[in-house]
Amino acid sequence: MPSQESKSAPLEGEGRSVAYAEDALKGVEAARERARLRSGLAPEWYGPAVVVTLVLPSVVQAWSQGRGGWAALVALVVSLLGLAAVLALVRAARRAAGVRVTRSLSSRLRRSRIALPAVLAAGLLAGVCCWGYGAGGAAARITAFAVWGLGVWGVCIARNAAINRALRELA
């Protein structure tokens, strides 16, 4: 009998070790999921910055029409700076998340499979409607870019709300 008691004691200890290991693994998996979710959050300043970055080059280009060579050069420089600003905003938003989880392009496109076409279609429709109602090409372009920027902002707000909801459920 004493040998049976000594054999059962290590089994109880091993059972507790297994339970602790399982709890630790669940904690690690939960932390990984929280990190993945946090990496998808867009900063609050991202939406308005995208709107300004998309609209400003179109406004400058509309201003430069008919003004001569130097205005066209200014419009070109502002357009190139706008493109660089969009790329900088994307990079800054990733860094602001605090966690960097690299996703493949196909994964990012899959995540935006509904929002991206909807935002693009809304911008194109708004631009075409402006142009159709007699607004000039510059006004139609400004409208399309404004709708695209506002659409990106709306998508960011909706995505952040869904991520925050998921984070609350994990806690």
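**Exercise 1. Cysteines**

Determine whether Cys156 is buried or exposed in this predicted model, and establish how many disulfides there are.

*Solution.* Step 1. The relative accessibility of Cys156 is 13%. Burial requires a value under 20%, so Cys156 counts as buried.

Step 2. A disulfide requires two cysteine sulfur atoms within 2.5 Å. Under this criterion the count is zero. Cys130 illustrates the result: its nearest cysteine sulfur belongs to Cys129 and lies 7.3 Å away, and Cys130 is in no disulfide.

Step 3. Cys130 has a relative accessible area of 23%. The partly exposed class runs between 20% and 50%, so Cys130 is partly exposed.

**Exercise 2. Overall composition**

State how many helices and strands the chain contains, and what percentage of its residues count as buried.

*Solution.* Step 1. The chain holds six helices and zero strands, which gives the pattern α-α-α-α-α-α along the sequence.

Step 2. The chain has 171 residues, of which 22% count as buried.

Step 3. For contacts between residues at least 6 apart in sequence, 76% join residues at least 24 apart.

**Exercise 3. Packing of α5 and α6**

Characterise the geometry of the pair formed by helix α5 and helix α6, and classify the residues of their contact.

*Solution.* Step 1. Two packed helices are described by the distance between their axes and by the angle between them. For α5 (residues 115-132) and α6 (residues 137-170), the axes come within 8 Å and cross at roughly 155 degrees.

Step 2. Angles over 145 degrees count as roughly antiparallel, and α5 and α6 are therefore roughly antiparallel to each other.

Step 3. The crossing of α5 past α6 is right-handed.

Step 4. On the α5 side, the residues in contact include Ala115, Val119, Leu120, Cys130 and Trp131. On the α6 side, they include Gly137, Ala140, Thr143, Trp148 and Val155. The residues of this contact comprise 14 nonpolar, five polar and no charged.

**Exercise 4. Asn160**

Identify which helix holds Asn160, and decide whether Asn160 is buried or exposed.

*Solution.* Step 1. Asn160 lies in helix α6.

Step 2. The relative accessibility of Asn160 is 14%. Because burial is assigned under 20%, Asn160 counts as buried.

Step 3. With neighbours within four places in sequence set aside, Asn160 is in contact with Gly40, Leu41 and Ala42.

Methods. Residues are numbered from 1 along each chain as its sequence is written. This is a predicted model: local features need pLDDT of at least 70, side-chain atom pairs count only at pLDDT 80 or more; totals for chains, interfaces and linings use all residues. Side-chain values use heavy atoms; hydrogens and water are left out. Buried means under 20% relative accessible area, exposed over 50%, partly exposed in between (1.4 Å probe, protein chains only). Axes are lines fitted to C-alpha atoms, for helices over the stretch in contact, and angles run from 0 to 180 degrees between N-to-C directions. Helices (H or I, at least four residues) and strands (E, at least two) are DSSP runs, numbered from the N terminus. Angles under 35 degrees count as roughly parallel, over 145 as roughly antiparallel, 65 to 115 as roughly perpendicular and the rest as oblique. A crossing is left-handed if the near helix is turned anticlockwise from the far one by less than a right angle, and right-handed if clockwise. Contact means heavy atoms within 4.5 Å. Ala, Val, Leu, Ile, Met, Phe, Trp, Tyr, Cys and Pro count as nonpolar, Asp, Glu, Lys and Arg as charged, and the others, Gly among them, as polar.
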